[in-house]
Amino acid sequence: MNNEENKKYEGQGNNWTAFFAGDHDIKGFIKHVVESPGSTAKRNGDFSGIINLQGPVKALVLVKVNPENAEVYSAYPFLQISNRVEIEIEKIDEWSNGAEAVISGSVGHASISFFDTLYFLNKGKYEVGKKYIFEIGALAHSFIKRDEKDLVMIPDTGPLKGEKLYTHKMTSFLPVHEYPSEFQFTCPFVNFSGEANSYEQNFKVFPFWLRNNDTDVPVITFPMYINSKIIKGDPKTNDSIQGVASLQGYLADSFDEVNELLK
């Protein structure tokens with residue numbers, strides 16, 4: 001994989017910015033995670049995943065265990081959730097460290113890509129073309145109430161020239177191609193279904209759903225966690241919102257198989 005591809009596909013910077021919603025000391029944060037009494041670890045081959053912080057918003061530090069030392073390979077926000085989605089795997093983009101990957105697949109007719117937070121643990125179980133149950137959630141990078149200027153379109157030409165076109169009920173779920181696990185979204189706001197706190201950060205939970213255009217029945221639903229600091233505007237029911245978020249997930253029942261990993 002060349003350097004340009006690495007820039008596009010291998011990195012957690014956006015997720016950490018979304019987690020902290022501002023300046024942050026990742027080195028100090030990693031030290032906090034691995035030193036805390038509540039931290040637990042699970043080793044698979046040369047890799048150990050160390051997880052800490054109060055759920056459902058946690059953090060995982062990925063460590064490569066060498067004969068002479070232990071090297072931090074990665075660290076990322078980790079959502080410990082219960083939201084099962086059956087996905088048929090179509091592609092696995094394994095990162096150059098061999099322990100992280102973005103999985104692309106389908107849910108019915110809908111396409112989906114997500115970062116597998118326990119890939120280092122479960123990579124040997126996957127086969128392209130087969131269906132697996134994953135626990136799927138999202139971390140918002142931006143969450144904005146659309147204003148009136150953005151809600152109304154007035155064409156300058158064409159058969160609807162001068163007509164007001166209202167977009168407040170518009171929904172979209174579009175991948176950010178440079179970062180396959182990220183997507184841009186637009187949808188009506190319903191409510192926040194809850195909140196969570198982690199490392200002095202408050203997160204709102206937004207129940208996101210992607211509908212089937214033929215039946216209007218959701219194809220996929222998942223909780224989206226949004227740091228309260230990044231919410232712009234004061235969204236009310238039926239307001240239109242837009243933003244960017246990253247999807248992540250892990251193989252269902254991973255906690256049962258490694259029950260000492262997360263408690």
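Select R84, E135 and D253 to begin: in this predicted model, a network of salt bridges links these three residues. Zoom in on R84 and E135, whose side chains meet in a salt bridge with an N to O distance of 3.2 Å. The two residues come from distant parts of the chain, 51 residues apart: R84 sits in strand β5 (residues 84–94) and E135 in strand β8 (residues 131–145). Is E135 buried or exposed? With a relative accessible area of 6%, E135 is buried, because the limit for that class is 20%.

Two other salt bridges can be selected next. Over the whole structure, a search finds nine.

- E127 and K130: the closest N and O atoms of this salt bridge are 3.4 Å apart. E127 is partly exposed at 43% relative accessibility, and K130 is partly exposed at 41%.
- D234 and K236: here the closest N and O atoms are 3.1 Å apart. D234 is partly exposed, with a relative accessible area of 47%, and K236 is partly exposed at 49%.

Now select strand β17 by way of its partners. Ten of the twelve residues of β17 are buried, so the strand is mostly covered, given that buried means under 20% relative accessible area. Which strands pair with β17, and in which sense?

- Strand β7 (residues 110–116) runs parallel to β17, and two bridges join them. Show D116 and its bridge partner in β17, G249.
- Strand β8 pairs with β17 in the antiparallel sense, over eleven bridges. K145 is the residue to pick here, as it stands opposite I241 in β17.
- Strand β12 (residues 182–188) is also paired with β17 in the antiparallel sense, over seven bridges. F183 has A245 as its bridge partner in β17.

Follow the chain beyond β7 to T117, in the loop between β7 and α4 (119–122). T117 has 0% relative accessibility and counts as buried. What does T117 touch, leaving aside residues up to four places away in sequence? Its contacts are L60, Y76, P77, F78, Q248, G249 and Y250. G249 was met above as the bridge partner of D116.

Two of those contacts, F78 and Y250, lead to the aromatic rings. The structure as a whole has 30 aromatic pairs. In the pair F78 and Y250, the ring centres are 5.6 Å apart and the planes lie at 10°, so the pair is stacked. F78 belongs to strand β4 (residues 70–79) and Y250 to β17 (residues 240–251), so the pair ties together parts that are 172 residues apart in sequence. Both F78 and Y250 are buried.

For another geometry, select F189 and F192. Their ring centres are 5.0 Å apart and their planes stand at 70°, so this pair is edge-to-face. F189 is buried at 4% relative accessibility, whereas F192 is partly exposed at 27%. Extend the selection to F143, F173, F183, F185, F206, F208 and F222, which ring pairs link with F189 and F192 into a cluster. F183 is the residue whose bridge partner in β17 is A245.

Go back to β4 and select the sheet that contains it. Four strands form an open sheet in the order β1-β2-β3-β4, with antiparallel pairing. Which strands stand at the edges? They are β1 (40–44) and β4; each has a single partner strand, so one side of each is left without a neighbour in the sheet. Direction ignored, neighbouring strands of this sheet are turned by 20° against each other on average. Inside the sheet, strand β2 (residues 47–52) and strand β3 (residues 57–65) pair in the antiparallel sense over six bridges. F47 and its bridge partner in β3, K64, mark one place to look.

Add the helices that pack on this sheet. Helix α2 touches β3 and β4, and its direction makes about 55° with that of β4. Helix α3 (residues 26–35) touches β2, β3 and β4, with its direction at about 90° to that of β3.

End at helix α2 (residues 13–20), whose buried residues are N15, W16, A18, F19 and F20. Just after α2, select A21, which takes a positive phi of about 55°.

Methods
Residues numbered from 1 in each chain as written. Predicted model: local features only at pLDDT ≥ 70, side-chain atom pairs only at ≥ 80, totals over all residues. Heavy atoms only, no water. Buried < 20%, exposed > 50% of the residue type's maximum accessible area, 1.4 Å probe, protein only. Salt bridge = Lys/Arg side-chain N within 4 Å of Asp/Glu carboxyl O. Phe/Tyr/Trp six-rings, centres within 6.5 Å; stacked < 30°, edge-to-face > 60°. Pairing = 2+ DSSP bridges. Contact = heavy atoms within 4.5 Å. Axes fitted to C-alpha atoms, helices over the stretch in contact; angles between N-to-C directions.
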